[in-house]
Amino acid sequence: MLRFGGAYHRNMKKILCHSTNTSTRYRYYGIPRFCSFFTLLLYLPPYSQFLNFQNCNYNHSHSVRQLSGFCNVEHDDASVASFNRMLHMRPPPCVVEFNKVLGGFVKMKQYKTVISLCTEMELKGITPCVFTLTILINCYCHVGRVAFAFSVLGKILKWGYQLDIVILNTLIKGLCISGEVMKALDFHDELVAKGSRLNEVTYGTLINGLCEMGQTRVAVQMLRVIEGQVVKPNVVMYSMVIDGLCRDGLVDEACDLYSEMIVNKVSPNVVTYGSLIRGLCVVGKLEEAVWLLDEMVQKDVCPNVYVFTILIDALLKKGMLLEARDMFDKMIQRGHEPNIVTYTALMGGYCLNNEVDEARKLFDAVLQWGFAPDVWTYNVLINGYCKLNRLDDAMNLFDEMCQKKLVPNVVTYNSLIDCFCKYGRLSYAWKLVNAMHDNGLTPDIITYSILLDSLCKTERLDKAIALFNQLIERGLASDVWSYTILINGCCKNQRMGEAMNLLKEMHLKNLVPHTVTYTSLIEGMCKSGRILCARKLLTEMHDNGPPPDYITYSILLDALCKSRHLDQAISLFNQMIERGLAPDVWTYTILINGCCKSKRIDEAMNLFKEMLLKNLVPDIVTYISLVDGLCKSGRISYAWQLVNVMHDLGLPPNVITYLDALFKSQHLDSKGLVSAHC
């Protein structure tokens, strides 16, 4: 193991702290500057007035060995009683015997019991050894009392014991578990400066702590620093960082680190592959994820149920049912038994594709196979029924769930509340909200957003505003969607002043409006005849975000065409294309209709041809607009050609009636129209 010199210490500071000035890191993270940890030990709470150290008596009786010779403690009360009998023996057993019992409690994760028993030892005058103190440090760290753990470290130093790497790693882990990662880094720096020997466990713990607090890039930098200088990064360290990068959405960087890992001859394990596959699935790179699965198999790394379930779930969410079933079969062939999570994913896939009856068949089969569906399994099926407005089926399943003593969660209630609201049964939705309160659940912002949306859609805007204000008074943080719902409600009721005030309120709360938020405002401005204000909002979107989409542009194009500002509409249409947005059938139809209304038929026909070149299929409204414009401009032959094309598409009765009336209004013979449909 290398001894750390000053050059290494300065390099670590520079990279991990982003500054050679250590205090900068603390200001950045909002953590006060920590003094030297070895100085700090003087100010930490003492471990109950530690005892004077005495020599240990190693002459043990047979009865003592019978009491202490176990490490796997089965019954807490009996074990504590045995420990107490040892305390009352005269002479008392050696501290080693006590350590065996304490170690048994640690294995059972009975950390508070160990702390209590150590206090009893102290009161009885039994002096702990360094191993006892190490156990105590570990227990304090596990219960989140790291300050007390450091006070024990202070006692170890005071008594002249050599610092053990296990003690140091335990303290660093305790700080990281308590969310004090920056303090753990400071402790690390102090140890490095004093020449302490640290190992893979130390750096694995620090890297994991950084990843857990979202500082994954700092973890990557630490990995770079220690490589070849301190310890060799192992598969655990690489896997931690790769998992952290994937959770942060930095999948490309995770893949690069994976390639680097291979170059450094560190073999990935199932955890590494599982993290990468999950990350690739989340960002929609399914082909790469499946390729990685094949690579796992080629490298004799056996994929587990977790990896297969991730891929099955991702394929199902993409609507690739056959591929998901093939993956499921492959999992079975490799000898892996599906678990309830796998089956829940399959049910979710069926529900996403509106095949809720197939999901129910699988649900019933799972019950017969002896699996116990959990809350999420029920939620998937309940949500599937709610999506198809099969409220009775959803409520029956909800009742069955409650009868089985499965406690519904907020997601369960939100699915049902949403369905009741869609049915217009708002009073029943409120009953479910009350039931949530009765069962100790707090409705979240999604619950209230569903209710706000229902109130707005049923033209009860004032009640929606009153509910929204109540939520703010109660301290429930409103999100972008709750504001957007209310803004849209105000716009639909042409209460634009209130809508704009809500937008200002969002900005004050540092909530970034969504494209839908601005689109609602632009539509409201257009409907109230304030097209100039609508255009200013569009400019604001381009300047400050969020970016407008084709729907935003289409709404403004429609308003400009209807207000006879066709040239402005064409200019805006061209601007839309220049900015990289692809117009859809609706966008083209709006402009074609505007050109026809303004008797600019040639431009309308050019737009129509442009649509066809882009493989956009015109709809009935597009054809009717063109037929109407061609007839009114006297281009009857072109009109008939379009009618025949429409006939091939299959005209609905209302379109036939419309065209018949159109031809009569132009004093044209409608026999051709009739014959076209024979």
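**Helix pairs, a pocket and a cavity**

Helix 20 and helix 22 are roughly parallel to each other, because their axes cross at roughly 5° and angles under 35 degrees count as roughly parallel. The model is a predicted one, and this pair of helices is a handy place to start looking at it. Helix 20 covers residues 340-352 and helix 22 covers residues 375-387, with axes that come within 9 Å. On the helix 20 side, the contact is made by I340, T344, M347, G348, C351 and L352. Helix 22 answers with W376, T377, V380, L381, G384 and K387. Sorted by class, this contact has seven nonpolar, four polar and one charged residues.

Helix 20 and helix 22 turn up again in the largest pocket, where each supplies at least two residues of the lining. Helix 18 (305-317) and helix 24 (410-422) do so as well. The pocket has a volume of about 410 Å³, and 19 residues line it. Closest to the pocket centre are D313, K317, T344, G348 and V380. Of these, T344 and G348 also belong to the helix 20 side of the contact with helix 22, and V380 to the helix 22 side. Helix 20 gives the most to the pocket lining, with seven residues. As for chemistry, the lining splits into eight nonpolar, eight polar and three charged residues.

Further along the chain, helix 34 (residues 585-597) and helix 36 (residues 620-632) make another pair, with axes that come within 9 Å and cross at roughly 15°. These two helices are therefore roughly parallel to each other too, and their crossing is left-handed. The residues that make the contact are V585, T589, I592, N593 and C596 from helix 34, together with V621, T622, S625, L626 and G629 from helix 36. Here the split is five nonpolar and five polar, with no charged residues.

Turning to enclosed space, a search of the whole structure picks up two cavities of 30 Å³ or more. The second largest cavity holds about 30 Å³ of space. Its lining is made up of N488, C491, K492, S520, E523, G524 and K527. Helix 28 (480-492) and helix 30 (515-527) each supply at least two residues of this lining, and the largest share, four residues, comes from helix 30. By class, the cavity lining has one nonpolar, three polar and three charged residues.

Two spots in the backbone also deserve a look. Most residues other than glycine have a negative phi, and most peptide bonds are trans. D300 goes against the phi pattern, with a positive value near 60° in a residue other than glycine. D300 sits in the loop between helix 17 (286-298) and helix 18, and helix 18 is one of the helices that supply residues to the lining of the largest pocket. The other spot is the bond that joins G545 and P546, a cis peptide bond with omega at about -5°. P546 is likewise found in a loop, the one between helix 31 (531-544) and helix 32 (550-562).

Definitions and conventions: Residues numbered from 1 in each chain as written. Predicted model: local features only at pLDDT ≥ 70, side-chain atom pairs only at ≥ 80, totals over all residues. Heavy atoms only, no water. Axes fitted to C-alpha atoms, helices over the stretch in contact; angles between N-to-C directions. Parallel < 35°, antiparallel > 145°, perpendicular 65-115°, else oblique. Left-handed = near helix turned anticlockwise from the far one by under 90°. Contact = heavy atoms within 4.5 Å. Nonpolar A, V, L, I, M, F, W, Y, C, P; charged D, E, K, R; others polar. 1 Å grid on protein atoms, 1.4 Å probe; cavity = no way out; pocket = protein on both sides within 12 Å on 5 of 7 lines; lining within 4 Å. Points joined across faces, edges and corners; volume = space filled by probe spheres on them.
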